[in-house]
Amino acid sequence: MLARHLVTILALLCATVPDARAQNILYVQEDLGTGAGDGSSWEDAYSGSSGLQSALVAAAPGDEVWVAEGTYLPTGTFPQCSAFSVWSRDVTVRGGFAGTETDLSERPEVGAVETVLSGDHLRNDDGSAASLTDNSAYVIFANVGTTFERLTLERSGASQDCFSVPPGASAVRSVVPFQMVDCTIRDCASSGVMFAAGSAPGSGAEFARCTFARCGIAMDVTAREQAVIVDGCRFEFCGSGMRMLGWSSATVIQNSSFRRCSTWAISFSPINYDSPTATIDHCTIVDNGAPAIRYSDTLFVNEEATVRNSIVWSNGTPLGGAAVPQVSGLILVEDSIVEGAPPGAGVFDADPLFVNAVAGDFALQPGSPAIDRAYGTVADASAFDLVGARRAVDDPATPNAGTGAIDFVDLGALEFTTDLGSYAGCEAVPNSTGRPGRIRATGSLDVADLDLTLRAEDLPPQQFGIFLASRRAGLAPMAGGLGTLCLGGNVGRFNAPGQILSSGLGGAFALTVDLGAIPELAGLVAVQPGETWRFQAWHRDFVSGVGTTSNLTDRATLGFE
């Protein structure tokens, strides 16, 4: 019986995984210099000084532009007036490719390969005003409806922006929101991102896992009625962080950190729009100018911004200095650590006990008063923090003092947890318990420590299963079963003697992993420092109306040192 089950597992894991490529992809390689130059493949990619702009002009709605590593400069008769321009809606521009990939899952890890779009034509920026005279006014000028992923935008000219989305054309904006994912925006003389949207409800912008560094204003947003979402972003060493002018009725800034912006971190300056509200949730705002969060409006009193589950600390003074007002204006503060403790339910003044605030490490030390103290909602059970760790993780050493549906969620951008790695990017399908299975990794990411334990939880009882491993990510429905296989490429199975496990009465199983013997299809391999591995658990299940089937947990992504 067990042998038959293992044959079934092998067949499921070797089933064809759907290609992640789009219907039409245009390829760009900066220094190719050979091939047809029509963008039909990496070998025939658009190349040279005008290659990227040629691809952006040729892109039709629904197309993707894949851009290989390198530094790309906009071209034009007058360099200062040149910029990369995207006008077709529903176009996705992806960077971070080595230039050999045939499938999206083959792309290197985030940050391993850099695709830079620069405005510094002479490549002579040294911080002086004179060195900026050759720089482009904008690096990208785009219409809403575009998604940018894994791009580094840098070095726009004096008093100009790295990225601009202009106002107008509301009918176009209402179709597809504008997105930036895993991007870096740095060293921009004026704004890192200037986003100005029209009044079409439902359009707007989403920024996920982006870093803004050394810009005049990191993000300058003018919007009415649009959803503006900032999730898992970092703002560092900018003149100012976010400025929201005429801000949306659905502005959400969450799981983000603001550090050393010389003036304010977040500023709201609403105009006479329709009673907007904004939420700053699970953010860490430290060592900026004061007030770190400000609300500037003297005409209307029914707009409001709410800060909750956040840490606002040592803004306006050196770390550890005397407290000054951290927030100003119509700011409602709830369930947060705020230096000076302004009025608000659940607001208190206590050292958050960061691991190293001076170095920007805002992880919480054991014993931090921010642990298990937030207003937790049902949504937190499936949410993630700034680095992709699970949001709702109970610390057994800390009494639960939170409120809401879940009383052990932490304050700030980072959840206190002993789990290793990231768990975002792979949503598990509920099994017969009604809950999705979860994988956890504990121990050490230092290969030399030889200390890694995998645990699968929230499984149906008395079902057997195994752990899976791969260096590549994937995202495809599980052939012949339920759930999503979130591993790609060479998927190995921990099915040696002692590795085929039962969930028992408690619905969980665990495995101590030998980092010198990770299974792949061709045999066992050793984990090397610098490698990223992904793990998932497969298990049998019985579902009423379906019968005997199988399912998968979510995925753990571990970057080893």
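Is Phe237 buried, partly exposed or exposed? In this predicted model, Phe237 counts as partly exposed because its relative accessible area is 38%, a value that falls between the cut-offs of 20% for buried and 50% for exposed.

## Backbone exceptions

Phe237 sits in the loop between strand 18 (234-236) and strand 19 (240-245). Its phi is positive, about 55°, although the residue is not a glycine. Arg214 also has a positive phi of about 55° and is not a glycine. Arg214 is found in the loop between strand 15 and strand 16 (217-222). With a relative accessibility of 43%, Arg214 is partly exposed. Most residues other than glycine have a negative phi, and most peptide bonds are trans.

An exception of the second kind is found at Ala290 and Pro291, which are joined by a cis peptide bond with omega at about -5°. Pro291 belongs to the loop between strand 24 (284-286) and strand 25 (293-295).

## The sheet of 10 strands

Strands of a sheet pair through backbone hydrogen bonds, either parallel or antiparallel. One open sheet in this model has 10 strands in the order 3-6-9-12-15-18-21-24-27-30, with parallel pairing. Strand 3 (70-72) and strand 30 (337-338) are at its edges, and each has a single partner strand, so one side of each has no neighbour in the sheet.

Within this order, strand 6 stands next to strand 9. Strand 6 (residues 115-118) and strand 9 (residues 152-154) run parallel and are joined by 3 bridges. Val116 is placed opposite Thr152 of strand 9. Strand 15 is also a member of the sheet, and its residues 211-213 include Thr211. Thr211 is partly exposed, with a relative accessible area of 22%. The C-alpha atoms of Thr211 and Cys233 are 5.7 Å apart, although 22 residues separate the two along the chain.

## Strand 20 and its partners

Strand 20 (residues 250-254) pairs with two strands described here. Strand 17 (residues 227-231) pairs with strand 20 in the parallel sense over 5 bridges, and Asp231 has Gln254 of strand 20 as its bridge partner. Strand 23 (residues 277-281) pairs with strand 20 in the parallel sense over 4 bridges. Here Thr251 stands opposite Ala278 of strand 23.

In a regular strand the side chains alternate between the two faces of the sheet. Which residues of strand 20 point to the buried face? Thr251 and Ile253 point to one face and are buried, while Ala250, Val252 and Gln254 point to the other and are not buried.

## The sheet of 3 strands

Another open sheet has 3 strands in the order 35-36-42, with antiparallel pairing. Its edge strands are strand 35 (438-443) and strand 42 (509-512), each of which pairs on one side only. On average, neighbouring strands of this sheet are turned by 15° against each other, direction ignored.

Strand 36 (residues 452-457) is joined to strand 42 by 4 bridges, and the two run antiparallel. Ala456 has Phe509 of strand 42 as its bridge partner.

## Nonpolar cores

The largest nonpolar core holds 73 residues, and Val65, Phe268 and Ile293 touch the most other members. A second, separate core consists of 26 residues, including Tyr423, Ala441, Leu459 and Phe494.

## Cavity and pocket

How many cavities of 30 Å³ or more are there? The count is 1. The largest cavity holds about 40 Å³ of space. It is lined by Leu52, Leu56, Phe84, Val93, Leu117, Ile140 and Phe148. The lining of the largest cavity is made up of 7 nonpolar residues, with no polar and no charged ones. One of the lining residues, Leu117, lies within strand 6 (residues 115-118).

The second largest pocket has a volume of about 630 Å³. Its lining has 26 residues, and Ala381, Ser382, Arg390, Arg438 and Asp554 lie nearest the centre of the pocket. By type, the lining of the second largest pocket comprises 13 nonpolar, 5 polar and 8 charged residues. Arg438, one of the residues nearest the centre, belongs to strand 35 (438-443), an edge strand of the sheet of 3 strands.

Definitions and conventions. Residues numbered from 1 in each chain as written. Predicted model: local features only at pLDDT ≥ 70, side-chain atom pairs only at ≥ 80, totals over all residues. Heavy atoms only, no water. 1 Å grid on protein atoms, 1.4 Å probe; cavity = no way out; pocket = protein on both sides within 12 Å on 5 of 7 lines; lining within 4 Å. Points joined across faces, edges and corners; volume = space filled by probe spheres on them. Nonpolar A, V, L, I, M, F, W, Y, C, P; charged D, E, K, R; others polar. Core = buried A, V, L, I, M, F, W, Y, C linked by side-chain atoms within 4.5 Å. Buried < 20%, exposed > 50% of the residue type's maximum accessible area, 1.4 Å probe, protein only. Pairing = 2+ DSSP bridges. Axes fitted to C-alpha atoms, helices over the stretch in contact; angles between N-to-C directions.
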